[in-house]
Amino acid sequence: MTVTYSNEVANATFFSFHRLLLRWRGSIYKLLYREFAVFALLYTVLSLVYRLALSESQRRLFEKIAMYCDKYAEQIPVTFVLGFYVTLVVNRWWNQFVNLPWPDRLMFLISSCVQGNDEHGRLLRRTLVRYVNLTSLLILRSVSTAVCKRFPTIDHVVEAGFMTPEERKVFESIRSPHLKYWIPFVWFSNLATQARQDGRIQDSIDLQNILNEMNMFRTWCATLFGYDWVGIPLVYTQVVTLAVYTFFFACLIGRQFLDPAQRYQGHDLDLYVPVFTLLQFLFFSGWLKVAEQLINPFGEDDEDFEANWIIDRNLQVSLLAVDEMHMDLPHLTKDIYWN
Amino acid sequence: MTVTYSNEVANATFFSFHRLLLRWRGSIYKLLYREFAVFALLYTVLSLVYRLALSESQRRLFEKIAMYCDKYAEQIPVTFVLGFYVTLVVNRWWNQFVNLPWPDRLMFLISSCVQGNDEHGRLLRRTLVRYVNLTSLLILRSVSTAVCKRFPTIDHVVEAGFMTPEERKVFESIRSPHLKYWIPFVWFSNLATQARQDGRIQDSIDLQNILNEMNMFRTWCATLFGYDWVGIPLVYTQVVTLAVYTFFFACLIGRQFLDPAQRYQGHDLDLYVPVFTLLQFLFFSGWLKVAEQLINPFGEDDEDFEANWIIDRNLQVSLLAVDEMHMDLPHLTKDIYWN
Amino acid sequence: MTVTYSNEVANATFFSFHRLLLRWRGSIYKLLYREFAVFALLYTVLSLVYRLALSESQRRLFEKIAMYCDKYAEQIPVTFVLGFYVTLVVNRWWNQFVNLPWPDRLMFLISSCVQGNDEHGRLLRRTLVRYVNLTSLLILRSVSTAVCKRFPTIDHVVEAGFMTPEERKVFESIRSPHLKYWIPFVWFSNLATQARQDGRIQDSIDLQNILNEMNMFRTWCATLFGYDWVGIPLVYTQVVTLAVYTFFFACLIGRQFLDPAQRYQGHDLDLYVPVFTLLQFLFFSGWLKVAEQLINPFGEDDEDFEANWIIDRNLQVSLLAVDEMHMDLPHLTKDIYWN
Amino acid sequence: MTVTYSNEVANATFFSFHRLLLRWRGSIYKLLYREFAVFALLYTVLSLVYRLALSESQRRLFEKIAMYCDKYAEQIPVTFVLGFYVTLVVNRWWNQFVNLPWPDRLMFLISSCVQGNDEHGRLLRRTLVRYVNLTSLLILRSVSTAVCKRFPTIDHVVEAGFMTPEERKVFESIRSPHLKYWIPFVWFSNLATQARQDGRIQDSIDLQNILNEMNMFRTWCATLFGYDWVGIPLVYTQVVTLAVYTFFFACLIGRQFLDPAQRYQGHDLDLYVPVFTLLQFLFFSGWLKVAEQLINPFGEDDEDFEANWIIDRNLQVSLLAVDEMHMDLPHLTKDIYWN
Amino acid sequence: MTVTYSNEVANATFFSFHRLLLRWRGSIYKLLYREFAVFALLYTVLSLVYRLALSESQRRLFEKIAMYCDKYAEQIPVTFVLGFYVTLVVNRWWNQFVNLPWPDRLMFLISSCVQGNDEHGRLLRRTLVRYVNLTSLLILRSVSTAVCKRFPTIDHVVEAGFMTPEERKVFESIRSPHLKYWIPFVWFSNLATQARQDGRIQDSIDLQNILNEMNMFRTWCATLFGYDWVGIPLVYTQVVTLAVYTFFFACLIGRQFLDPAQRYQGHDLDLYVPVFTLLQFLFFSGWLKVAEQLINPFGEDDEDFEANWIIDRNLQVSLLAVDEMHMDLPHLTKDIYWN
């Protein structure tokens, strides 16, 4: 599930964000310690080679290369590219969150407008919300790797109770080379129409309102699917990755401490540990990690949306709302401000 | 509550923003004086150590380190990172403000479309708006620390009159491992449907309009909840904090006034007080404070939304509108432009 | 009223924007001439002191301070901070314009769907639109300083014909510690419902459409109110102002022409008038003025929205549309393309 | 009309954008050749004066001034200011395009829901769409210079068949100091209501849907009007223009090739033609031209919207759709996939 | 079709984006290898000329020119211009994706609300969805080069079964100088109205909901058309292209390795292969390629939308939904959570 830290930053107190620096789960350290180790190792190896293995003239050459790399490292516009790219990724990520399909709006309508406490009434309401949950399951299966692992085949969908065996037969008998997640909604709309004709839904206004909500739900599903299907163009991601990796490659060589005795400008100090370069590494690859985490929010990262939990919650809550709670109202009593 | 200063800047006059610099409440000074003091203190300590405690050769080393730090301080892209990050935070903050749940739209409809001045009619209207207020209370309890302090348990909700004891029993008898803030809306929609069947709501159009408004209200609540639940990814916040803190750390050393006698470039002046570095500190940590204040607008900062006030206002106003003011119209008289 | 210049830039001609540089009303010159004079004066005083009043050694010190200031002036990221901040202010300003409450949509519906040319019908329609205008007046009074000056008390509202004396009594008899601008809309919705029950509004569809439009109008009002109530956080504005003022302060000293005889780098020319610094002043404080003008668009700046004119226009037009023009149709005749 | 080049860039091929560099219509060359010529001329004159007319000491002074200008030219943040400003202008321009009033949605409804093939039915439908077209014409007259030239007075509107002479009398008899473009919509809504009462529109649902579409159309018109009325604040445009012009002024002097014999840094080469400065001129004033073209998209630039064409198209198409095509359906036949 | 890689980046793992660097389809390498080869070739030729063909004094001149070019190459703000421009292009591209016309919402309504399993009912439903598909085909023909190749004339549209020969006659008999893609929607709305009068559509609510969905579909189509018709102003694209090309031109000369023996600053190393310049080339032209690919997403690039596939899918699915599946519901059975 996503890493929630809003409580810790409710108030802006003395250096209030510093506490966030000490967390592990979902943190920059957890995400980056391996990359950081590799970078530090490579830097150390290069440093040792320069200091111990090279001959005098090789060291002079290395120093020239280092200064050449350093000069170009500064010219790579990592900051801007990351700024524009991460903004794009964050917007897409949030839009996906906003379009997660919740059946609540529909279940209120079904619970109140599809009438009858008898068995047929219950069956009707339960089937309608089941179709809604089935649709979101079918979409989430193709969007989320976690859901796909849990429901690898239609068999699993049937077993989990989202589809009856008979529905499955009908579902599979429909010949279409295309994705079939729209089928339960044809059933939904047809079933709702039948319910109106049987008088279970009182009139067309109620029916149309339910159908409109259904279409809104479908649009959420289709939007999620669209975000998965059409990602940020590969070239853009490659360009950004290339820029960041090139920068780090240039830093590996260019940020070596050169022999102060050579009196190169800006190289009159040998600290052994390149503090600021390591911080820059953390900083820039942390920024890139933001993009890596959010570019597909349906994976299994710490920050990803827990699609399986959503599926379970929706089924449980929506069946409860349309069946047990149908017309089961608390007795009306006067509130304490009555007069 | 938020700090309102729009009246003071209604007109763009001579240096009109300078007046804002002299305020205390919600100001950069109130928010930053502690951090500023710590920064100034550390700077002074370092300065004294350099000037008084170090040996001649240690001072030479310190000077090299200082120039090294200064060089890298300039390379840290604090401005851009803060620019992109604060823009993101400000957008989220404003969207949360826009999605605060106000019952006004619903209460107009309930007041006009749920009929009957008898006790049952009053009970019906009051109960409907109470459910609406209850829902927003349940959401705000999980979103806002201030509301959570005031209503730590369901007992407090019942005592405050948002829920009757009987409703509470029903509420708690519903078994669900998930959050239950949707329950009052099932009651709402069922109660409204019953009211139509009893003829209290005249026809389906009225009912569906009320249910649509209810769903809009639910969406506001869900959006608020979503913003609290899924924050800006922790890594992003850490990256920004890290960048700013690294910058200040580099400044502490790198912006020391070095011995002019050494004739280092740009160090031919010893002012003792680093005016511009202190202003930069105010400036950049002020910008970060904007983010700290707004990242969770339901805390108890000067700028935060006063959720408790909203809850009280909504209950008072909505009960007034649907009960006392129901069909209580001023006598129609001709206006002064009649002919 | 706002300064309209779109006609002058309809076509992109030879240096077409240069004409805009020669305007006075709403221009950068009108807004900035005082600040500009102060800045130029201070610069001149400093310059004279340096050239005439200081001793030789004081001049050397001043020169060092000047170069120190100049170095830091360049490091202040005024451009970016202004860029991000002004973008935010401009977006908010435009959203406020978009949410100005116009009664046109409502008045079309009221004129066509509330029937009866007799006195009661006229009274009904006039009262309904009057409530609409009253609501927007109540909101604009708390938002706009200009409107507040014109209608300082409820007395003025009654006198101007937006409220009848009797309505005022009812309005004031409603006890609520909160703002009461929602009251006319409770009256509106109740009155419209009564009109349906009397058969003046034909059926529920018509009624609900009118109520939906009313709610849309209310949302505009509430949005305007929200923008006034919750401004850009004070800290943000302070940070920006601080950055700009610090920059100008640093420029005052750092951009002095130093004695060319001292051969400081970049100081081999003494022009007396710092052309580019003055242009930079115009430029950056002009940009900040954009923010100062737009941060509260309901003041009395040249660019501000003329709320009083809006109030008058709305009342006049909406009464005309629902009363005199009700069902007063031109005779249907064939148009010139008939066959 | 706008310059369409999307076909030429349908596929991303080898240097695919280079083809765009060779177009004339709507191109940077067509828009800028005059400014470019002026700039080049001034540069040449200055260059000749420096090389031929000045005395030795004057040349030394000129060289100092040139280097002074060059230093400050680099400090002017033209890129950012243009970036933020052009983004704002482009967004406004696109929003105006999106809000161009097309009657298609309304004409489908009128064609299908206003019944009767007799003369009165035809008259009704034609008059309704004529009112719609009349409204958009009245708005476009005040927004677009091109439309204003074509319809300078109401006489021209009547002659073009958008208004009958009798309607004109009624229109002018309505006394209001304010713009009157809302009048045809009062007629529209009243006429539609009458049609429902006469049974031409079957029931209220149909009527309200038509009125809602009418209100949507009105909102488009009002939005267009708003964009024309309230432009980007003059100060912003002036600030940007000032920045760009200052930059070019500084370049004129600062980018002169100085005598290599003087061995000024970066001035060891005399190319006579300042290739990169000329390209920078093209580049920055091209960017500014984007803003100049789009700031008022209703002029007569190559890229502007052809409002007169829109008016003609809308009238022709909408009369066709509601009259000749009313209920004129092709015979229903089985499609080729029937079984 | 678009290049989907979201599965590969579902989790943020060790250097997770590096895998993306190794793909070919849709990659930066596939898109840029030709440009890259040309650039490398030109660089090599220039390098050889400098090293082998020039005389001593020509080499000195070349070196000066190279340093001149290098200095200006750094001043060209490629990063920002590309950042702002690509952001604009990406937004437009995504909006086009969002507005692709899918008939699903309409087909659910038609399938459930247009009644009758007899031949006339089937004919009615099939014809209605066929009109919807026909409209989107007519739009996509003028928007997409791929669709235009497949359906170059109306004949092909008739052959493919989107239009019957009789409809074609009516279509062509309607005289209008303007595009005619709105005609099938007049038929649609008229046919739907007739169906209501025949009792096939039960009441006005159903009809109006269908017409509203139809209007929404039309808006998608019109939006797509608008994006194709009114592109990003040519000048903007030219400005960006010019900036990038100028930059590369300056790099070709300015980034040559100059003779280290001349001891020019920053030229004490001769690497023969300009690694960082080549990476910069990849990087900046990759970024420009993002724009080239997305500026018209209806071409035949790897990333473009496959409009032909969309047309086929929509026809097949929508006919299936409204005909075979009409009221063909799976038997209602109790789900596994029944009690």
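**Figure 1. T241(D), a buried residue of a predicted model.** Let us start inside chain D of this predicted model. T241(D) has a relative accessible area of 0%, so this residue counts as buried. Its place is in helix α11 of chain D, which runs over residues 234–254. Once neighbours within four places in sequence are set aside, the contacts of T241(D) are F17(C) and L21(C).

**Figure 2. Y236(D) and the largest nonpolar core.** Here we look at a core of 662 residues. The members that touch the most others are Y236(A), Y236(B), Y236(C), Y236(D) and Y236(E). Helix α11 of chain A (residues 234–254) is the element that gives the most to this core, contributing 15 residues. Take Y236(D) as an example: beyond its neighbours within four places in sequence, it meets V86(C), V90(C), W287(C) and V290(C) from chain C, along with F84(D), Y85(D) and L88(D) from chain D. Another core, of five residues, lies apart from the 662-residue one, and I205(A), I205(B), I205(D) and I205(E) are among its members.

**Figure 3. Chains C and D, related by rotation.** A turn of 72 degrees, with a shift of 0.0 Å along the axis, lays chain C on chain D with an RMSD of 0.0 Å. The two copies are therefore related as by a five-fold rotation axis. Within chain C, I205(C) comes closest to that axis, its C-alpha being at 5.5 Å. The two copies use different surfaces, as 5% of the contact residues of chain C recur in chain D.

**Figure 4. The interface of chain C and chain D.** On this view, 97 residues of chain C meet 98 residues of chain D. Together the two chains bury about 8800 Å², and carbon and sulfur atoms give 66% of that area. Three residues, F17(C), F108(C) and F276(C), supply 9% of what chain C buries against chain D, more than any other three residues.

**Figure 5. Polar links between chain C and chain D.** How many salt bridges cross this interface? The rule finds four. In a salt bridge between the two chains, the side chain of E119(D) meets that of K334(C), with 3.0 Å from N to O. There are 26 residue pairs in polar contact between chain C and chain D, both residues being at pLDDT 80 or more. Several helices of chain C each bring at least two residues to the side that touches chain D, including α1 (28–53), α3 (78–98) and α10 (204–229). Helix α12(C) gives the most to that side, with twelve residues.

**Figure 6. Helix α4 of chain A, enclosed by its surroundings.** Why is α4 (residues 104–113) of chain A described as largely enclosed by the rest of the structure? Ten of its ten residues are buried. They run from D104(A), R105(A) and L106(A) through M107(A), F108(A), L109(A) and I110(A) to S111(A), S112(A) and C113(A). The cover over them includes α5 (119–143), α9 (183–197), α10 (204–229) and α13 (307–322) of chain A, as well as α9 (183–197) and α10 (204–229) of chain B.

**Figure 7. R255(A), a buried residue in a loop.** R255(A) sits in the loop between α11 and α12 (275–294) of chain A. With a relative accessible area of 4%, R255(A) is buried. Among the residues it touches are Y43(A), D70(A), F247(A) and Y72(B). Its side chain joins that of Q280(A) in a polar contact of 2.6 Å, and makes another with the side chain of Q75(B), at 3.1 Å. F276(A) is 21 residues from R255(A) in sequence, and their C-alpha atoms are 9.6 Å apart.

Key. Residues are numbered from 1 along each chain as its sequence is written. Chains are lettered from A and ligands numbered from 1 in the order in which they are written. This is a predicted model: local features need pLDDT of at least 70, side-chain atom pairs count only at pLDDT 80 or more; totals for chains, interfaces and linings use all residues. Side-chain values use heavy atoms; hydrogens and water are left out. A nonpolar core is a set of buried Ala, Val, Leu, Ile, Met, Phe, Trp, Tyr and Cys residues joined through side-chain atoms within 4.5 Å. Buried means under 20% relative accessible area, exposed over 50%, partly exposed in between (1.4 Å probe, protein chains only). Helices (H or I, at least four residues) and strands (E, at least two) are DSSP runs, numbered from the N terminus. Contact means heavy atoms within 4.5 Å. Copies are superposed by least squares on the C-alpha atoms of residues with pLDDT of at least 70 in both. Buried area is the accessible area (1.4 Å probe) that two parts lose on being put together, summed over both. A polar contact is a pair of N or O atoms within 3.5 Å; within protein, one must be able to donate a hydrogen and the other to accept it, and residues adjacent in sequence count only if both atoms are side-chain atoms.
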